[in-house]
There are 4 protein chains.
Amino acid sequence: MADSLKLTVIGGGSSYTPELLEGIIANQDVLNVSEVWLVDIEEGKEKLYIIAGLAKRMMKKAGCPINIITTLDRKEAIKDASYVITQIRVGQLAMRRNDEYISIKHGVIGQETTGAGGFMKALRTIPVMLDICKEIEEFAPDAWLLNFTNPAGIITEAILKHSNVNVIGLCNNPINFYKQFSKAYNVPVNDISISFVGINHLIWITGLFIKGQARIVDILTGKSDSYEAKNIPSLGWDLEFLQSMGAIPCGYHKYYYQTDQILAQQYEAFQHHKTRADEVRQIEKELFDIYQNPDVDEKPEALELRGGAYYSESAINLIKSIHLNTKDVHTLNVRNNGTIGCLPDNVSIEVNCVVENHQVTPMQVGTVPPQIRGLLQHVKAYEELTVEAAVTGDSGLALQALTLHPLIPSADRAKNILSEMLEVNKQYLPQFHH
Amino acid sequence: MADSLKLTVIGGGSSYTPELLEGIIANQDVLNVSEVWLVDIEEGKEKLYIIAGLAKRMMKKAGCPINIITTLDRKEAIKDASYVITQIRVGQLAMRRNDEYISIKHGVIGQETTGAGGFMKALRTIPVMLDICKEIEEFAPDAWLLNFTNPAGIITEAILKHSNVNVIGLCNNPINFYKQFSKAYNVPVNDISISFVGINHLIWITGLFIKGQARIVDILTGKSDSYEAKNIPSLGWDLEFLQSMGAIPCGYHKYYYQTDQILAQQYEAFQHHKTRADEVRQIEKELFDIYQNPDVDEKPEALELRGGAYYSESAINLIKSIHLNTKDVHTLNVRNNGTIGCLPDNVSIEVNCVVENHQVTPMQVGTVPPQIRGLLQHVKAYEELTVEAAVTGDSGLALQALTLHPLIPSADRAKNILSEMLEVNKQYLPQFHH
Amino acid sequence: MADSLKLTVIGGGSSYTPELLEGIIANQDVLNVSEVWLVDIEEGKEKLYIIAGLAKRMMKKAGCPINIITTLDRKEAIKDASYVITQIRVGQLAMRRNDEYISIKHGVIGQETTGAGGFMKALRTIPVMLDICKEIEEFAPDAWLLNFTNPAGIITEAILKHSNVNVIGLCNNPINFYKQFSKAYNVPVNDISISFVGINHLIWITGLFIKGQARIVDILTGKSDSYEAKNIPSLGWDLEFLQSMGAIPCGYHKYYYQTDQILAQQYEAFQHHKTRADEVRQIEKELFDIYQNPDVDEKPEALELRGGAYYSESAINLIKSIHLNTKDVHTLNVRNNGTIGCLPDNVSIEVNCVVENHQVTPMQVGTVPPQIRGLLQHVKAYEELTVEAAVTGDSGLALQALTLHPLIPSADRAKNILSEMLEVNKQYLPQFHH
Amino acid sequence: MADSLKLTVIGGGSSYTPELLEGIIANQDVLNVSEVWLVDIEEGKEKLYIIAGLAKRMMKKAGCPINIITTLDRKEAIKDASYVITQIRVGQLAMRRNDEYISIKHGVIGQETTGAGGFMKALRTIPVMLDICKEIEEFAPDAWLLNFTNPAGIITEAILKHSNVNVIGLCNNPINFYKQFSKAYNVPVNDISISFVGINHLIWITGLFIKGQARIVDILTGKSDSYEAKNIPSLGWDLEFLQSMGAIPCGYHKYYYQTDQILAQQYEAFQHHKTRADEVRQIEKELFDIYQNPDVDEKPEALELRGGAYYSESAINLIKSIHLNTKDVHTLNVRNNGTIGCLPDNVSIEVNCVVENHQVTPMQVGTVPPQIRGLLQHVKAYEELTVEAAVTGDSGLALQALTLHPLIPSADRAKNILSEMLEVNKQYLPQFHH
């Protein structure tokens, strides 16, 4: 292992980068990072330079001897990196907005990762990510690739199936559950064990243990236990529904279990041009206004509005575990390999894993009950088709993928949405022959 | 094996019975049936007697020495039967109508076997079917039970899981495909091979061979082959969708792939009080008017309007294959046992099977492609929960089952539909504690 | 399908060929064979011509208009064939004798298909068979390849894994069980159903039904049933052992279940130069003396001493079923595909299959009990390694394969046997780099 | 969790107990043990009292306030225990000696856990262990049962299948590998990662990482790497064999891979009445002579001759991990649950597991290569039958189990060995009806 680390952030101009930098600074004593390379594309140059400026001020403020290097040359940035972090957005926010608007216009959920929106984002993003992986294979074959790019599960699966890169998919969903329970039960995160089963953005908690005591029933019944819980997190679920499920869904489950209510909300936002993409555009604008202020030399608090809470913490924790070979447990997107027996071996899943320097090993998941299994298998099959469609550029497969998605109400609807989306995204889809 | 057969028809007062009798008469030379017992419940007595009268006239006309015995004593009817055929409708057409109306009112598909309607029918029917199975276990343990009662896949699964009866689930879907292709290609049914994969009312054709020649592409592309096809059956599917699927869906798939269009049709019918239940009620009324005419001594042509085409033929063909130990291939609902590798072992599936006197063995199904697998696994998980809910009377499981169904758009919707359905069906649901 | 059939027999000079010809003649009315090509290698030319002479006399005697064509040009023989039958013996009887003698000398079972002997035969034979398959892929891509070449299971697996040829592996073990029970119970073969589970030469009967009645207990207990069995076949097994197994082993199981007794017999034979290879050499010599007699124009009775009883019948029955698209049941070596759930998908197994013109589909096998499963999985893993060793020429894999075999008592013994065998077979093992 | 721990040692009179006590003393600061209950049977009373005397002297010497309680009342000892450790020997050394002598006399491996000897020990031990488990279920349902009783894998499987106790099977094999590599590479154990696959006493190393660097090739090739390895452990294996296997076997593999050589050694020992049982008897005698010396107040060095090195360390480490909820990795015998995909779900396996206070979760094992898989599946199937035979007392199943074992050369041999063993062990086999 190299004595000092080179970290490469692809999509370095992202508004999230300052949080990541903050985490690197805070852990420099154990990580000993020598260089952080921030790389982006021509269209993102302006934001990249703003971030780089802030980064350098942050380093200076912290007295941290990490070299911040900014480049548009991705290969140079990748060369000999120990860790490559990908947080790209192909087509930028403009295309995300299209994803949302086209979906909602056709009467289906419009969302960055779930449903038609996530599908389109995957088609745009997979070819770029596989190009990045080819460069990692060539210029940094031993590097770990930490992928945050959404839809993270689908992207990670594409990489697992079509490259030899050591990839791990990350999401801040799991760490947020830990933080939430830590607060609710007033215990440190280390005293909490959570059994997860699922795939990215469709993950269920099937067991919750606080200091070795089973406490999931607290959550499922909405009742606090007199023992030590201070309060119970409000999940916004019907308790009868939760209790009969016997598991805690994640936030993204609302798109499936509360489809009609969310559709109504989204339609309202759509009519007022206030979908999530619109909001994020505004937040980003404000963030970059702050970032470019030469007096700002810390991560601004406003970043928390952006979402992605604890995203940096989960990334840095993972890098530390790999680097220090700690053999501790993280919840990650990895190849299934029989861990969830009701899914194919070669797909990505999001489960607890033991992290070592040389490998990441999922912990066995027991039998999955049918109320979880049915939806999980359905969405995973959609994801498999999406990966195949993105890689082959086969519009028939794309039609099958989108039709299969449980949030799409008919083949005709899928066809119309797909047709419009392919047209709008034409420049990002060289693999589809128009 | 008994030298002469006793056949027992539970739900003997069904309007379908004359077709079955016609089949028995036509095959009496090989089957050598001595007695046909028609059994029904008190509420169905009137229709039972009408059918029995017609049955006797049919036997007389045909010069067939089969004894027609009518009874309300189910145990006596079952005792020592060689074959028991179940075609019951718990709650009769009135409850089917409720299933449809409540579903449509809540904005979801209202149908006899698919979605909320089929779910409710299963809850009503499974306890009665398991009672019948207990009687078969006691009074005719070697009998074959041929189940036509819908939802046939779910009912058959409940019996496979909760009784020791030799049950086979039947549906006329597969035979209709054979008949359709026989007509389209102008060849006898024996020259046709169809590879089926799926579960009852959700069955795909993945291979079609006419005289050993692969012809599925004819159907998927809508193009006739100059070789020997006379014409191509019109399936009413978008050809681009079909072709990319690489498989032929069955009619019930329209509820999944054309949900929005069918919902619109159903809502129209609902508003004019002309749902399928209303139509069937009218057809049945007319049929029984004919049946009770003492001059009628044949199956009337009007029966064909009732649906269920070739239902008798598939039943009689199956009885002949068992009776004569022909080892030939039928498409049946049986225990999976690893035949479809992506489904649990203990569920019912609908696939090609080899029929012998002593056993029915499914033929191995290859890998199922994701566009089929995702929906299949989802609906099957719903069916498993439905069986468990029906057997335990656990309303939490019922809520999970209904929410899981891909045609139900939210947990709230499921809860409201379930609540209303449980109330309306109260008298048929002793297992649910109110 | 061609109107008249071209059959190609590779290894046409085999002493078995007359039996095959007899079968073809007997079924000419339904098969309508136009040409039988007998092909062999230079070293087998003399025997090939003798067989061809007899073949022509047989055709003449039978008044059968089938053209017998003799050639050493394998590609020409394969071109446009409808069926290719392979019955080759790479290295001829001399190498078989070496297989037996080296094995026994090292204190292990010396046998044509089981243990070290079968292993060595597989290494010699697989490359030749894969060459044949390449020619079939090129010159007769639609042909069915019926493989009798031993070890038939391993050879078939190599072809399934490393070619695209439509291959079926055949063995006369299953048909002999049918014949034996037909005689024992005095019923036609069609009244018998046998449930088989296993792989070639390691196949168990787990169910026996005579006219739909379960009769396996007759065999397992050695007791005749008063109902209709005339006598019970003597299997030479300890009845307590059989009964606790709950299944009927095949003859080759004796190498595993009676290893020490058979080793003693083989050592005796070895000392007197009377192993099976020696016997077969003598029988073959006598047979060819008869075959070349110009007065002989029928299959001589002496052929039955050669073993391989009903080998022709099973081949011809299979060809008839394919040709006539009968959809009937044969016991064949095919790709597993999940049929036997405790074995990998891509291996060959020997089970009941439904035969159609365009495909052969295995019938689902239920759960395999541990007393069968353990040995079956062990031998299959050995077979997988053997295929891999034969294809790659990797002597390390060969050492692992042979050591793994349950009849080899140590890695050292495996190493010594392998070393001697590789040396002796050098000319037949171009894939192994010496 | 209780503030102070009650530990119960069943088979407390074992010569191993002092090592365990030494470990408890050394970790008292974190474990806070209040009571250690030593329980044994009437026949073991004398040894129990000797051990208890030594235990008290050890506590006094260490100034450790742990109460040592001696009893023959097992239920009282179990009541409210936090951890129960089982290290019993049903029939004591006398029966072990019989196991060895009968086996060797019949020409098969005679060993405590492998082959016929381990089989017989399992039949004697399982009923006693299941009785203990019933008492744990009743008197200490939350206790963890740490089972060292051999054959540990089979015993653990019997408990997993036939009780509800939280059981973990332990063996000192894995820890010895860590110690060996720690010494060879001169690194602390924490810097070593080993990938294990297998079952108790049949465990392979498929990956070895020292500080994240893959080093298994060092071992397989017998070559040291210049980087940091000080020396390479001598495993006594043929390097060509090891290298082609691609994995490191454990010591017990020698019974399978060097069967003939070990048989020869054992026969020699047998003739001189110096089998392992004879040796152990002598060592035990000498140990107890030391133990009862009132001047001895520490674990004597002579105990190391007894075998079982680091047995205490692995037990205490495990208790610490559970108690402190460390989520670290131990190699344990647990329920498979799909971790090793080629074995049934409900069997015991020995793999890396994450240990938490409330559960022990195996880490996913990748695909098992055929050279490992074949033997592993075979021996596991034997173990499954052995458990079933021990629980049911079915001598037919016992015959199948023993015949199936790959070290038994024929059904006849199995029958003779079984017959003699059942007779000699009659008093310990109430479940077998004689």
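This talk walks through a predicted model, from the way its chains are arranged to the packing of a few helices and two buried residues.

Good morning, colleagues. I shall begin with the relations between chains. Two copies of a chain are related by a rotation about an axis and a shift along it. Chain C superposes on chain B with an RMSD of 0.0 Å after a turn of 180° and a shift of 0.1 Å along the axis. The two copies are thus related as by a two-fold rotation axis. Which residue of chain C comes closest to that rotation axis? It is C:Met363, whose C-alpha lies at 2.1 Å. Both copies use the same surface, since 100% of the contact residues of chain C recur in chain B.

Now consider chain C with chain D. Here the superposition takes a turn of 180° and a shift of 0.0 Å along the axis, and the RMSD is 0.0 Å. The residue of chain C that comes closest to this rotation axis is C:His378, at 2.8 Å for its C-alpha. Of the interface residues of chain C, 100% are also interface residues in chain D, so the copies meet through the same surface.

Other pairs of chains do not meet. Chain A and chain C do not touch, and their nearest C-alpha atoms are 13 Å apart. Likewise, no contact joins chain B and chain D, where the closest C-alpha atoms lie 14 Å apart.

I turn next to helix packing within chain C. Two packed helices are described by the angle between their axes and the distance between the axes. Helix 15 of chain C takes part in two of the packings I wish to show.

One partner is helix 7, residues 152–162 of chain C; its axis and that of helix 15, residues 370–392, come within 10 Å and cross at roughly 60°. Helix 7 of chain C and helix 15 of chain C are therefore oblique to each other, and the crossing is right-handed. From helix 7 of chain C, the contact involves C:Gly153, C:Ile154, C:Glu157, C:Ala158, C:Lys161 and C:His162; among the residues they meet in helix 15 of chain C are C:Lys380, C:Glu383, C:Glu384 and C:Val387. By class, this contact of helix 7 with helix 15 of chain C has 5 nonpolar, 3 polar and 5 charged residues.

The other partner is helix 16 of chain C, residues 395–404, which packs on helix 15 of chain C at an angle of about 160°, with the axes 8 Å apart. These two helices of chain C are therefore roughly antiparallel to each other, and their crossing is left-handed. On the helix 15 side of chain C, the contact includes C:His378, C:Tyr382, C:Leu385 and C:Ala389, while helix 16 of chain C contributes C:Leu397, C:Ala398, C:Gln400, C:Ala401 and C:Leu404. The contact of helix 15 with helix 16 of chain C has 8 nonpolar, 4 polar and 1 charged residues. I would recall here that C:His378 is also the residue of chain C that comes closest to the axis relating chain C to chain D.

One residue of helix 15 of chain C merits a closer look, namely C:Lys380. Is C:Lys380 buried or exposed? With a relative accessible area of 0%, C:Lys380 is buried. Beyond its neighbours within four places in sequence, C:Lys380 is in contact with C:Glu157, C:Ile199, C:Leu343, C:Val347 and C:Ser348.

Let us move to chain D and its helix 7, residues 152–162. Of the 11 residues of this helix of chain D, 8 are buried, so it is largely enclosed by the rest of the structure. The buried residues of helix 7 of chain D run from D:Ala152, D:Gly153, D:Ile154 and D:Ile155 to D:Thr156, D:Glu157, D:Ala158 and D:Ile159. What covers the buried residues of helix 7 of chain D? The cover includes helix 6, strand 5, strand 6, strand 10, strand 11 and helix 15 of chain D.

Lastly, a residue in chain B. B:Asp278 lies in helix 13 of chain B, residues 276–291. At 11% relative accessibility, B:Asp278 counts as buried. Leaving out residues up to four places away in sequence, B:Asp278 touches B:Arg97, B:Tyr101 and B:His273. B:Asp278 and B:Glu100 are 178 residues apart in sequence, yet their C-alpha atoms are 9.8 Å apart in space.

Thank you for your attention.

Terms used:
Residues are numbered from 1 along each chain as its sequence is written. Chains are lettered from A and ligands numbered from 1 in the order in which they are written. This is a predicted model: local features need pLDDT of at least 70, side-chain atom pairs count only at pLDDT 80 or more; totals for chains, interfaces and linings use all residues. Side-chain values use heavy atoms; hydrogens and water are left out. Axes are lines fitted to C-alpha atoms, for helices over the stretch in contact, and angles run from 0 to 180 degrees between N-to-C directions. Helices (H or I, at least four residues) and strands (E, at least two) are DSSP runs, numbered from the N terminus. Angles under 35 degrees count as roughly parallel, over 145 as roughly antiparallel, 65 to 115 as roughly perpendicular and the rest as oblique. A crossing is left-handed if the near helix is turned anticlockwise from the far one by less than a right angle, and right-handed if clockwise. Contact means heavy atoms within 4.5 Å. Ala, Val, Leu, Ile, Met, Phe, Trp, Tyr, Cys and Pro count as nonpolar, Asp, Glu, Lys and Arg as charged, and the others, Gly among them, as polar. Buried means under 20% relative accessible area, exposed over 50%, partly exposed in between (1.4 Å probe, protein chains only). Copies are superposed by least squares on the C-alpha atoms of residues with pLDDT of at least 70 in both.
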